[in-house]
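Open the structure in your viewer and keep the selection box at hand. Each stop below says what to pick and what you will find there.

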Amino acid sequence: MALLFSHPGFAGHVTPPGHPERVDRLRAVEAGLVGLSVERREAVLADLDDVTRCHPRAYADRVAAAVPSAGWAQLDGDTWLSPGSLDAALRAVGGAGAAVDAVLTGVADRAFVACRPPGHHAEAETAMGFCLFGTVAIAAKRALDIHGLSRVAIVDFDVHHGNGTQDLLWDEARCLFASSHQMPLYPGTGAAREQGAHGQIVNAPLPGGSDGAHMRRVYETVIFPRLIDWQPELILISAGFDAHAKDPLAGLEWQAEDYAWLTTRICEIAGHSAGGRVVSCLEGGYDLGALTESVAAHVGVLAA
Amino acid sequence: MTDKAVSEMSFEEAMAALEQVVSQLERGEVALEQSIALYEKGAVLKAHCAAKLKSAEEKVELIRAAEGKAIGTAPVQGL
């Protein structure tokens, strides 16, 4: 059994027609969850103070002030706000925080947060790449500062580099951040030489066109040895499903079973040092069919 | 970047265009939604450069082979 954090408010973040990060993605995610052993919980609303674990208060206030009363406001080439966007982004932060609270207080070992907008591109003072707040980075800070953990790890398998998470946790010696991503591709960061202020960031770029077999070799040789050595007390996942072969926004060739393999290995590693505690948050994934089957594979392992 | 069709580009033109594409992707100048299209253009340019290189290598091999043959078939003095 795994906990599933969701809320109708995530559908209140509406992007303009034709935008790939769209409300329909939630329906695709829900379709992938059908029949799985999950217990549904409410993704509660965080407040702006929670956001300040990673972002300056002035930035959070700026985002809040930019929310339009009707229609859309555009923050960058990709990133839009609708009237419900702030509520949705705060529920993403709140849902991830509640999921961390739940697994660290023994309610369940594993949780999935079916949130949007995604968060891993949001830098300290910059909304970008569909993202407003660094949901997973804020959740990591919560585990460290509120629950008193000393070693947290984040695995980001979204096809785009988690530049925001990297930016927010660059100087956080208590959190390992490991990311695989297609490179070169948006946002341009994520070279292996980018290692964080304390050598606690692991970037594993993947070449365009590479497949699940390549990914498995990279994880087994680059990311998992570092993750195991880190001995995390909690593993967070930035779960983007846009490395799937069918995804329109990237050029990797992963299949649904690759997500099942990856999740299984992460859960095994969590079993060694973290008491099996894993919290996964939705990031990207823009082909609805691929998203359904990938979420089914990923959460199917979490809920097993 | 030039609007010339990739298939009509010289090696130098394609390399310059490819370097520009990679630079744009690495500097994060492109929106997330557009970056895959730019990546795909880069892949076409890379394939074109690779094909041009292969073709040039084959020409060099032909010249080497021809030179070898010419030497081998030249009349040997004294025979």
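This tour of a predicted model goes from the cores to the chain interface, then to single residues and unusual backbone.

**Stop 1: the cores**

Select A:Phe112, A:Phe157, A:Tyr219, A:Phe224, A:Trp254 and A:Leu262. These residues have the most contacts inside the largest nonpolar core, which has 67 residues. Now centre on A:Phe157. Its contacts beyond four places in sequence include A:Tyr219, A:Trp254 and A:Leu262, from the list you just picked. A:Phe157 also touches A:Ser180, A:Ile237, A:Ser238, A:Ala239, A:Gly240, A:Phe241, A:Tyr259 and A:His298. Apart from the largest core lies another, of 54 residues. To find this other core, pick A:Cys54, A:Val63, A:Ala92 and A:Cys175, which are among its members. As background, nonpolar side chains tend to be buried together in soluble globular proteins.

**Stop 2: where chain A meets chain B**

Show both chains and select the contact residues. You should get 21 residues from chain A and 10 from chain B. Together the two chains bury about 1,200 Å², with 66% of that on carbon and sulfur atoms. What is the make-up of the side of chain A that touches chain B? Its residues divide into nine nonpolar, 11 polar and one charged. The number of salt bridges between chain A and chain B is zero. Polar contacts do occur: three residue pairs across the interface meet the rule, both partners having pLDDT 80 or more.

**Stop 3: A:Leu176 in strand S7**

Return to chain A and select strand S7, residues 175-182; A:Leu176 sits in this strand. Is A:Leu176 buried or exposed? A:Leu176 counts as buried because its relative accessibility is 1%, against a cut-off of under 20%. Colour its neighbours next: A:Leu176 touches A:Val152, A:Ala153, A:Ile154, A:Gln200, A:Val202, A:Arg226, A:Leu227 and A:Trp230, leaving out residues up to four places away in sequence. For a distance check, draw a C-alpha line from A:Leu176 to A:Thr15. It spans 32 Å, for a sequence separation of 161 residues.

**Stop 4: A:Glu172, in the loop before S7**

Step back to A:Glu172, in the loop between helix H6 (163-168) and S7. With a relative accessibility of 7%, A:Glu172 is buried. Its contacts beyond four places in sequence are A:Lys141, A:Leu144, A:His198 and A:Gln200. A:Gln200 is also on the contact list of A:Leu176. The C-alpha atoms of A:Glu172 and A:His13 are 30 Å apart, with their positions 159 residues apart along the chain.

**Stop 5: unusual backbone**

Most residues other than glycine have a negative phi, and most peptide bonds are trans. The next four picks depart from that.

- Select A:Arg116 and A:Pro117. The peptide bond from one to the other is cis, with omega near 5°. A:Pro117 lies in the loop between strand S5 (110-113) and helix H5 (135-145).
- Stay in the loop between S5 and H5 for A:Phe130. Its phi is positive, near 75°. A:Phe130 counts as buried, at 3% relative accessibility.
- Move to A:Tyr186 and A:Pro187, joined by a cis peptide bond with omega about 0°. A:Pro187 belongs to the loop between S7 and strand S8 (201-206).
- Finish on A:Gln231, in the loop between helix H7 (212-230) and strand S9 (234-239). Phi is positive at A:Gln231 too, near 50°. A:Gln231 is exposed, with 53% relative accessible area.

Methods. Residues are numbered from 1 along each chain as its sequence is written. Chains are lettered from A and ligands numbered from 1 in the order in which they are written. This is a predicted model: local features need pLDDT of at least 70, side-chain atom pairs count only at pLDDT 80 or more; totals for chains, interfaces and linings use all residues. Side-chain values use heavy atoms; hydrogens and water are left out. A nonpolar core is a set of buried Ala, Val, Leu, Ile, Met, Phe, Trp, Tyr and Cys residues joined through side-chain atoms within 4.5 Å. Buried means under 20% relative accessible area, exposed over 50%, partly exposed in between (1.4 Å probe, protein chains only). Contact means heavy atoms within 4.5 Å. Buried area is the accessible area (1.4 Å probe) that two parts lose on being put together, summed over both. A salt bridge is a side-chain nitrogen of Lys or Arg within 4 Å of a carboxyl oxygen of Asp or Glu. A polar contact is a pair of N or O atoms within 3.5 Å; within protein, one must be able to donate a hydrogen and the other to accept it, and residues adjacent in sequence count only if both atoms are side-chain atoms. Ala, Val, Leu, Ile, Met, Phe, Trp, Tyr, Cys and Pro count as nonpolar, Asp, Glu, Lys and Arg as charged, and the others, Gly among them, as polar. Helices (H or I, at least four residues) and strands (E, at least two) are DSSP runs, numbered from the N terminus.
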